[in-house]
Amino acid sequence: MSGDKTGTRAVVLGGSIAGLFAARVLADAYDDVLIVDRDVLVGVEGPRKHCPQSRHINGLLARGQLAMEEMYPGITEEIFADGVPTGDLAGHVRWYFNGRRLKPEVAGLTCVAASRPMLEKHIRRRTAALPAVSFREQHDILGLVTTPDRGRVTGVRVQSLLGEGGEEVIEADLVVDATGRGSRTPVWLEELGYPRVVEERKKIGLAYVTQHYRLLADPYDGDLSINPVASPALPRGAIFTKTDGDRVELTTYGLLGDHPPTDQEGLYAWVKSLAVPDIHDALQHAVPLDEPVAFRFPTTLRRRYEDLDRFPLGLLVTGDAVTTFNPVYAQGMTAAALGALTLRDHLHTGAAPIPAQYFRDLATEVIDPPWEMTNAVDLTFPGVQGERTRQVKAAQTFLKLVQTAAVHDGKVTAAYMRGAGLVDKPDAMMRPAFLARVLWNVVRGAITDRLGGGAEGASARRPVATAPPSPQASSPSRGDELVSTN
């Protein structure tokens, strides 16, 4: 990237991870980068009031870890040195699809098993250390300021949440909206006379519940995480992972209105209903450290800024403010990191970025591959509405074959997880040698199952004891903390 300055000041709206990544690359091109947020940010190490996702598992895919390391050299080791466990996405995570375990294989895919507050703390610390970056905390963002012809954004209007003074205008050469799903940019654009941005939504009816535990016995046998994935036959799944603070973090989820409860005994019963008994068995030897907390996610959302024929100069959008993926697939933070690298590519000429070019590249290079991949998976659930085109059905059939083959062949697992981790492009699994390997293992697995050897990769249901009462079992439910992201 060129060291040329493209302007005096860039203002980033929103100080979550997408905003921090954006500020990182902007700091190489602007004299002053100001992050505006409603929360206190600097020095915060726990969950934030206006970031409800911070109480839940937030996954950083392998490609996201590489992008983060590119922006902040050495940060991965800093995170591990702070007590965050790690492993390989394909070799040290116990994946179950349709109740059958994929054969593990180390694939060079680094997992960063940090809690959301821990990860954000390190990214924020490294961003705040940049000389150009500063923070305007506890401020509401009221709207945009533009030139008289409304063709260029020249700043933002903000107001302190502490009652100190009135409305304030912060001038900027570039404004980047990283305020998440609730972004007001679509409304602001319409108020300025621009076309309404097309929003693509898909109702998935997802909700998940998270709780942290201290284990009295280790159920992992060297693994980092136990992940039974929801399927059309059982639209319930979970992630049960080691994390920082010598804790384990459980996020269990249900789709299409089939939601986990937030009372303790109800949650134990829900976990017992999952496709495999591993997590429920482990909870027999676990002490809850907090109460179950829920989060609702009714629909995915994609804003098609790349399709607008007019857009003001001096304004860009990134992260969840553009696309909110189904969080089950853990693509959000990785897409935010890759979006920041896309933004960086549009700062190298010494001129202000051109919104149409930025949105085009963001859509084709960052958003399209994971969006299309997860859209095909979402549409395997009969209750999810959407067009099941011939292409979607072909993708679904292929993924089912890959998952079946991966039960028997770790190299298939590795390739599959490299694609799911966004390290490899989707067409990497279209190579003839890989296709032959998949088909061979599907046939081999079918023969093995027919001969009575189908236990390979399967986890048979076995009787388990009722989970012991917990200190929190009689505490009030946290169901009142459900947050709708609409």
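Asp246 sits in the loop that links β14 (236-243) to β15 (247-254), a good place to start a tour of this predicted model. Its backbone is worth a look, since Asp246 is not a glycine and yet has a positive phi of about 55°. From there the briefing moves to a second loop residue, a pair of helices and a nonpolar surface patch.

**Loop residues with positive phi**
- Most residues other than glycine have a negative phi.
- Asp246, with its positive phi of about 55°, has a relative accessibility of 67% and therefore counts as exposed, the cut-off being over 50%.
- Leu256, also not a glycine, has a positive phi of about 55°.
- The loop that holds Leu256 runs between β15 and α6 (264-272).
- Because its relative accessibility is 38%, Leu256 counts as partly exposed, a class that lies between 20% and 50%.

**Helix pair α1 and α8**
- Two packed helices are described by the angle between their axes and the distance between the axes.
- For helix α1 (residues 17-26) and helix α8 (residues 332-345), the axes come within 9 Å and cross at roughly 20°.
- Angles under 35 degrees count as roughly parallel, so α1 and α8 are roughly parallel to each other.
- The handedness of the α1 and α8 crossing is right-handed.

**Nonpolar surface patch**
- Val443, Ile447 and Leu451 make a nonpolar surface patch of about 310 Å².
- Leu451, one of these residues, belongs to the segment after α12 (432-450).
- Leu451 counts as exposed because its relative accessibility is 72%.

Notes: Residues are numbered from 1 along each chain as its sequence is written. This is a predicted model: local features need pLDDT of at least 70, side-chain atom pairs count only at pLDDT 80 or more; totals for chains, interfaces and linings use all residues. Side-chain values use heavy atoms; hydrogens and water are left out. Patches are made of residues with over 30% relative accessible area and no salt bridge: like charges are joined within 9 Å, nonpolar side chains (Val, Leu, Ile, Met, Phe, Trp, Tyr) within 5 Å. Accessible areas come from the Shrake-Rupley method with a 1.4 Å probe; for residues, only the protein chains shown count as cover. A salt bridge is a side-chain nitrogen of Lys or Arg within 4 Å of a carboxyl oxygen of Asp or Glu. Helices (H or I, at least four residues) and strands (E, at least two) are DSSP runs, numbered from the N terminus. Buried means under 20% relative accessible area, exposed over 50%, partly exposed in between (1.4 Å probe, protein chains only). Axes are lines fitted to C-alpha atoms, for helices over the stretch in contact, and angles run from 0 to 180 degrees between N-to-C directions. Angles under 35 degrees count as roughly parallel, over 145 as roughly antiparallel, 65 to 115 as roughly perpendicular and the rest as oblique. A crossing is left-handed if the near helix is turned anticlockwise from the far one by less than a right angle, and right-handed if clockwise.
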